[in-house]
Amino acid sequence: MIAAVRSELTRLRQPRLLVAWFGLMALFTMLVNTIMVTFVSGGGSLPPGAPGVAFPTLAEMERPSGLMAGLAAAASMFGVVTLSFWAAVTAGDYSSGLIRLLVAAEPRRWRLLAGKVGALLIATAAATTVAAIVNVMAVMPAAGVAAISTAAWGTDLVSVVASAWANLFIALCVWGVLGLVIATLTRSAAVAISIGVGYVLVVESLVKMLKDVPSDWLLGTTLGAVASGGTDAVSYGTALALALGYVTVGLVVAGAVFGRRDVTD
Amino acid sequence: MSVVRTTELTRRFGPITALDRLTIELPSAGVIGLVGPNGSGKSTLIRILLGLIRPTDGTASVLGASVHDPRDYAARVGVLIESPAFIPGLSARSNLVSLARLRNLPLARVDAVLAQVGLAGRDREPVKRFSLGMKQRLGIAAALLSDPELLILDEPTNGLDPAGIVEIRELLRDLGRNGRTVIVSSHQLSEIEAVCDHLVVIRFGKLVFSGPMVEVMSRTREHIDVAAEHQADTDRLQAALAADGWAVTAVDDVLRVAAGASRAADLNRAATAAGVTLRRLLVAQDNLEQIFLEMTGRVDGELANGRAATDGKVA
């Protein structure tokens, strides 16, 4: 399996792909931090069920964890970016015809799938690191301009940064697996990305508006809770368990489809 | 030992029977040509041999192992399927390195195969800048990467210029002479005739011929192509020659007469007697293309399959 991971990592080293992925993560981080700090210092609050972002209050911003609040705030946006790149990389094997060559070289298809997941996890860790670094670089000057107190931000610095990084990474991995599953099913990056974005921006928002339907289990809500280290609605443990469930179901579906599919179409 | 053996191999796609109880045995070592009209089942056979799809019925083995478990032979087989497939944004070298890593091969093999196909100086360029011919060379390099016992190449000279075709032809011959088996699927029958030691012809998923190339070429006959000085006389010449007992068929703007060099003078006299002056009289040998067309009946297999499926004749 290590051979499959190394092989996939070599294929991932496409300058345009990595610049686009990491660049979008950096761009969204800067954008979200700038807007979030302006919004929070102005005493604004988001309407319930607003898609894609969840801003902290001013008091939450001024806690030690406020330093990394930008990562959790835009977890769904980062998730969609991650979903898109996992989907693009997965569907690209089909559109280029490379999948035939790979399956002929390594008939144990589960190894190919595991190799792809392993390599994409490594790339996702790098993307999360980029977002974490840009977050720190962006939030400091933005907080200074908005007169948000940063006195507590140095407390437990390593723990705060590490847990924010880990929580975002876990959430992004689940988003990524979702992209991989949809791309494996549809064999099209465009369709997979459309489904993913459409789900977050439309379906999940609509479901949240239905008062009689419980929405705590929804993917975006769950992964938002993971990225935030738990919320009032969903505890961290519940969110992790749900995320694990989503990943397991996703990988089983992807494995079953990829294992049996005619890859020559 | 047979490098590939199939028994009653059948594969259906809905109403289409792509392979119909195909039984073949291919010898090890040498270059084997796999030919047939479009839709004859060549690609389906290759896909089954590579473990990409499963047969509906029958059995097949590659290098002595069943196609139901391609793990047993995948490392010993190199392939170029349909068209070269690479990541366009990566260099030729990186594409090969990724495949070498997947197969746990030393990276020295990458340099070796790049040199073998003449891409050593261009290996750092992204594949998206490559011409079709260069991509084809890279595809062959990928197939050679594991130094395989069996190479399966689909249209290996597609997109190559004449010099490139000669080069790849020599490479295939060398591989065949050095104890490897190379299966070449191609529509370029002149290439098949030039490099193959053994020929397999399939049509509508059934075996039409399998045997040494010399046996096929022994079926060739001489013929004489004649052309009237004035195009308008062609029909009159054809009628006169036919009335005189010559076997004549019209091929484009010439008449093809089934006769050898010894009858060329008689043919010229017969044309003169009919009042037609010839501007061309050429004695030639049938080539593989003519034999292929005789064997396969001058049909486009895909169109015939489509019509048969529509008519409900193929089940």
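A residue counts as buried when its relative accessible area is under 20%. B:Q136 has a relative accessible area of 1%, so B:Q136 is buried. Keep that cut-off in mind as we walk through this predicted model.

## A covered glutamine

Let us stay with B:Q136 for a moment. This residue belongs to helix α4 of chain B, which covers residues 132-144. What is B:Q136 in contact with, leaving aside its neighbours within four places in sequence? The list is B:L80, B:P84, B:D154, B:E155, B:P156, B:T157, B:N158 and B:L160. One of these residues deserves a second look: the backbone oxygen of B:P156 lies 3.4 Å from a polar atom of the B:Q136 side chain.

## Two sheets in chain B

Chain B has an open sheet of 4 strands in the order β2-β1-β4-β5, with antiparallel pairing. Its edge strands are β2 and β5, each of which pairs on one side only. Helix α1 of chain B packs on this sheet and touches β1, β2 and β4 (57-62). The direction of α1(B) makes about 115 degrees with that of β1(B).

Look next at how β1 and β2 of chain B are joined. Strand β1 (residues 2-13) and strand β2 (residues 16-27) run antiparallel and are linked by 8 bridges. Two opposite pairs help you find your way along them: B:V4 stands opposite B:L26, and B:F13 stands opposite B:I16. The hairpin has 2 residues between the strands, and B:G14 there takes a positive phi near 60 degrees.

Another open sheet of 4 strands in chain B follows the order β12-β13-β11-β14, again with antiparallel pairing. Which strands stand at its edges? They are β12 (248-251) and β14 (278-285); each has a single partner strand, so one side of each is left without a neighbour in the sheet. From one strand to the next, the twist averages 25 degrees. Within this sheet, β11 (residues 222-228) and β13 (residues 254-257) of chain B pair in the antiparallel sense over 3 bridges. B:I224 has B:V257 as its bridge partner in β13(B). Helix α9 of chain B (residues 264-273) packs on the sheet, where it touches β11, β13 and β14. The direction of α9(B) makes about 150 degrees with that of β14(B).

The two strand pairs can be set side by side:

| Strand pair in chain B | Sense | Bridges |
|---|---|---|
| β1 (residues 2-13) and β2 (residues 16-27) | antiparallel | 8 bridges |
| β11 (residues 222-228) and β13 (residues 254-257) | antiparallel | 3 bridges |

## From helix α1(B) to B:P70

Now back to the helix that packs on the β2-β1-β4-β5 sheet. Helix α1 of chain B spans residues 42-49 and is mostly covered, with 7 of its 8 residues buried. Among them are B:K42, B:T44 and B:R47, along with B:L45 and B:I46. Just after this helix, B:G51 takes a positive phi of about 80 degrees.

B:G51 also leads us to a proline. Not counting residues up to four places away in sequence, B:P70 touches A:P107, B:L50 and B:G51. Where does B:P70 sit? Its place is in the loop between β5 (65-66) and β6 (77-80) of chain B. B:P70 and B:L50 are 20 residues apart along the chain, while their C-alpha atoms are separated by 6.9 Å. At 11% relative accessibility, B:P70 counts as buried.

## Where the chains meet

The contact with A:P107 brings us to chain A. Between the two chains, 27 residues of chain A are in contact with 27 residues of chain B. The size of an interface is often given as the accessible area lost when the parts come together. Here chain A and chain B bury about 2,400 Å² between them, 65% of it on carbon and sulfur atoms. The rule finds 0 salt bridges across this interface, and the count of residue pairs in polar contact is 4.

On the chain A side, the elements giving two or more residues are α1 (2-12), α2 (15-41), α6 (98-105) and α7 (109-145). Which of them gives the most? It is α6(A), with 7 residues. In α6(A), 8 of the 8 residues are buried, so this helix is largely enclosed by the rest of the structure. Its buried residues include A:L98, A:R100 and A:A105. The buried residues of α6(A) pack against α1, α5 (75-96), α7 and α11 (236-260) of chain A, together with β6 and α2 (92-102) of chain B.

How values were computed:
Residues numbered from 1 in each chain as written. Chains lettered and ligands numbered in written order. Predicted model: local features only at pLDDT ≥ 70, side-chain atom pairs only at ≥ 80, totals over all residues. Heavy atoms only, no water. Buried < 20%, exposed > 50% of the residue type's maximum accessible area, 1.4 Å probe, protein only. Contact = heavy atoms within 4.5 Å. Pairing = 2+ DSSP bridges. Axes fitted to C-alpha atoms, helices over the stretch in contact; angles between N-to-C directions. Buried area = accessible area lost by both parts, 1.4 Å probe. Salt bridge = Lys/Arg side-chain N within 4 Å of Asp/Glu carboxyl O. Polar contact = N/O pair within 3.5 Å; in protein donor to acceptor, adjacent residues only side chain to side chain.
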